[in-house]
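These are my notebook entries on one structure, written in the order in which I looked things up. The sequence and the model come first, and my entries follow.

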Amino acid sequence: MFSTLLRPKMKQHASKFQFDLLVIGGGITGAGIALDAVTRGMSVLLVDMQDFAEGTSSRSTKLIHGGLRYLKQMELKIVAETGRERKIVYENAPHVTEPERMLLPFHKGGTFGPFMTSAGLAMYDRLAGVEKSERRTMLSPEETLRLEPLLNREGLLGGGHYVEYRTDDARLTLEVLKKAAEKGALCLNHCKAEAFIYDREGKVVGAHVRDKLDNSRFRAEAEHVVNAAGPWVDEVRELDDVSNGKHLRLSKGVHIVISQSRFPLRQAVYFDSPDGRMIFAIPRDGKAYVGTTDTFYDGDPAKAAATEEDVEYLLKAANSMFPGVRLVRNDVESTWAGVRPLIHAEGKNPSEISRKDEIWESPSGLLTMAGGKLTGYRKMAEDAVDRIVRRYNGGTFGPCITRNLRLSGGDFDDPDHLENFIRGKANEAELYGLTYEDGLEIAGFYGTNADLVFRFAHAAGDGAGLSAAVRGRILYAIHAEMAATPADFLVRRTGWMFFDAGRVQEEGSKVAAYMADLLSLSSEEKVKMLDELDLAIGQTAGLQGG
């Protein structure tokens, strides 16, 4: 069950059944835990007070990377572990993860020099177990400029070329959740755990949950509870116990999106800004995005947005590395901001705080997942579920199997088969009344779930001022991906809010009207839906003051 239309039935089931595990938080960490646990034989309920991936897990740099920057901090374990996890994520979900050659230029007086870059990348390859074909190569200034002619030529000493993996973080989270649901996990978005339930010994055995869409409430009982609420883990802990003396320190990261007609970036580049912070510039689907900032954040994580100061900082950094482009504020089509849930370290600035993860256990037995990175989600989940299995003191549940488990849409024997699959499906698209181009886009985006999207598009009929392909994607998002609002669809099911802002401006209200009809919403619910869409558009426009 993973359909918005089945929410009443899902809530009824959630209230009547005692689960082995309740997971609070539907970002990548909670999703990974739900999948790991259910595939070991546990009964699992997951709830998230927002949409799935609405927090940090849709607002990262959208890279599955080993964290080259952490070599500078000698965080060798993080580099090794996450570096090795990159390939696993790619092999299990090649339709949402792909190898991305990254260029690390070094300039006279910059953070990285030729020797440090070469040694660092060599160590990176070794720690991460990088295959020979993907290991780093060192480039002369001329070779570096051939890869990316826009680079600042002044003082350029060369570059390092190495492999990372690009992803769609929200889509990756959804594919993990869809696989968990396929295996039997019950996953509910827009449902907030408001208070814990305890047994006579003071052990946490569930939570009182409120559905924020219709304000209904239900009681969710479970043998074990994991707090995987990302930036909100301390808020959830306050419902229970925070006596271990540890807490999070939130750091805000901002990205800006620019059309490649203004910023014709050929090659992903990882570079140091004038103040020494590291920045990514990455081409994607006719756009180039630049980020990230790294500043402490004390506000509501749900309301994190780019300020004009953030945008100007990134424009200045981009213009320093790519001086011929001369980017200005009007070139920025959209922005996004997210907060990193870092484990507090006294006296350190945001860039210096480790991205390591920890598991905290309260006297009630509540497990809290703190810190961590997108790339390491699967291993974090394995560690958490291992701890729960040990509580049972027996062989009730099996070992972790997610290392070789294909995610939803990723049912390929070999990732190299993806391109042939996409072309074949594009030819089939015309049988469903779609164009070849529609087929290419849908097959590349949904992987082996493309046929179901095609069928929805064929069944959608005409109307709503939207193409058959868009109507099919909306129907699929509602029936197979738990989309309940236009923002769910436009931000996290498609990414259009970030990478096709013009389309959102043109079709956003039509998407809202179509979804409202499909979901049989009242006039009041339609107004609320449109208000939430306007808020999401405002946040991505980066309109807050500095």
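Which residue follows H15, and is its phi positive or negative? I looked this up first, bearing in mind that the model is a predicted one. The residue after H15 is Gly-495, and its phi is positive, near 80°.

**Entry 1: helix H15**

I then turned to the helix itself, which covers residues 486-493. I found eight of its eight residues buried, so H15 is largely enclosed by the rest of the structure. For the record, I list them as Pro-486, Ala-487, Asp-488, Phe-489, Leu-490, Val-491, Arg-492 and Arg-493. I asked next what these buried residues pack against. I noted six helices: H7 (169-182), H12 (436-446), H14 (468-481), H16 (496-499), H17 (501-518) and H18 (523-541).

**Entry 2: the largest cavity**

I searched for enclosed space and recorded three cavities of 30 Å³ or more. The largest cavity holds about 60 Å³ of space. Its lining brought me back to the end of H15, for I read there Val-491, Arg-492, Thr-494 and Gly-495, among others. The lining also includes Ser-58, Lys-62, Asp-168, Asp-169, Ala-170 and Arg-284, together with Phe-498 and Phe-499. The elements that contribute two or more residues to it are H7, H15 and H16. Sorting the lining by class, I counted five charged, four nonpolar and three polar residues.

**Entry 3: the second largest cavity**

I recorded a volume of about 50 Å³ for the second largest cavity. Its lining is made of Leu-35, Ile-88, Val-89, Asn-92, Tyr-377, Arg-378, Thr-402, Leu-405 and Leu-407. Helix H4 (76-92) and helix H10 (377-391) are the elements that give two or more residues to this lining. The largest share, three residues, comes from H4. By class I noted six nonpolar, two polar and one charged.

I followed one lining residue further. Ile-88 lies in helix H4, and I asked whether Ile-88 counts as buried or exposed. At 6% relative accessibility, Ile-88 falls under the 20% limit and therefore counts as buried. Setting aside residues up to four places away in sequence, I found Ile-88 touching Arg-378 and Arg-403. Thr-402 is 314 residues from Ile-88 along the chain, yet their C-alpha atoms are separated by 9.3 Å.

I checked a second residue of the same helix, as Gly-83 also lies in H4. Gly-83 is buried, with a relative accessible area of 3%. From Gly-83 to Thr-61 I recorded 16 Å, C-alpha to C-alpha, for a separation of 22 residues in sequence.

**Entry 4: strand S4**

How many of the 11 residues of strand S4 are buried? I found eight, so the strand (residues 97-107) is largely enclosed by the rest of the structure. I then looked up its partners. S4 runs antiparallel to strand S6 (residues 156-167), and 11 bridges join the two. Within this pairing, Glu-98 has Arg-166 as its bridge partner. S4 also runs parallel to strand S12 (residues 268-272), to which two bridges join it. On that side, Met-102 stands opposite Ala-268.

**Entry 5: the second largest pocket**

The bridged residues Glu-98 and Arg-166 came up again when I examined the second largest pocket. Of the 29 residues that line it, Glu-98, Arg-166, Asp-285, Gly-444 and Phe-445 lie nearest its centre. I noted about 760 Å³ of space in this pocket. At least two lining residues each come from S4, S6, H11 (418-429), H12 and H16, and H12 supplies the largest share with four. By class, I recorded 12 charged, 11 nonpolar and six polar residues in the lining.

**Entry 6: the nonpolar cores**

Last, I asked which residues have the most contacts inside the largest nonpolar core. In this core of 107 residues they are Ile-33, Val-44, Leu-45, Leu-172, Phe-263 and Phe-322. I traced the contacts of Phe-322, leaving aside neighbours within four places in sequence, and listed Glu-148, Leu-150, Leu-151, Phe-263, Leu-265, Val-269, Phe-271 and Ala-281. Apart from the largest core lies another, of 62 residues, which includes Phe-454, Ile-478, Val-491 and Tyr-514. One of these, Val-491, I had already entered among the buried residues of H15 and in the lining of the largest cavity.

Notes. Residues numbered from 1 in each chain as written. Predicted model: local features only at pLDDT ≥ 70, side-chain atom pairs only at ≥ 80, totals over all residues. Heavy atoms only, no water. Buried < 20%, exposed > 50% of the residue type's maximum accessible area, 1.4 Å probe, protein only. Pairing = 2+ DSSP bridges. Contact = heavy atoms within 4.5 Å. Core = buried A, V, L, I, M, F, W, Y, C linked by side-chain atoms within 4.5 Å. 1 Å grid on protein atoms, 1.4 Å probe; cavity = no way out; pocket = protein on both sides within 12 Å on 5 of 7 lines; lining within 4 Å. Points joined across faces, edges and corners; volume = space filled by probe spheres on them. Nonpolar A, V, L, I, M, F, W, Y, C, P; charged D, E, K, R; others polar.
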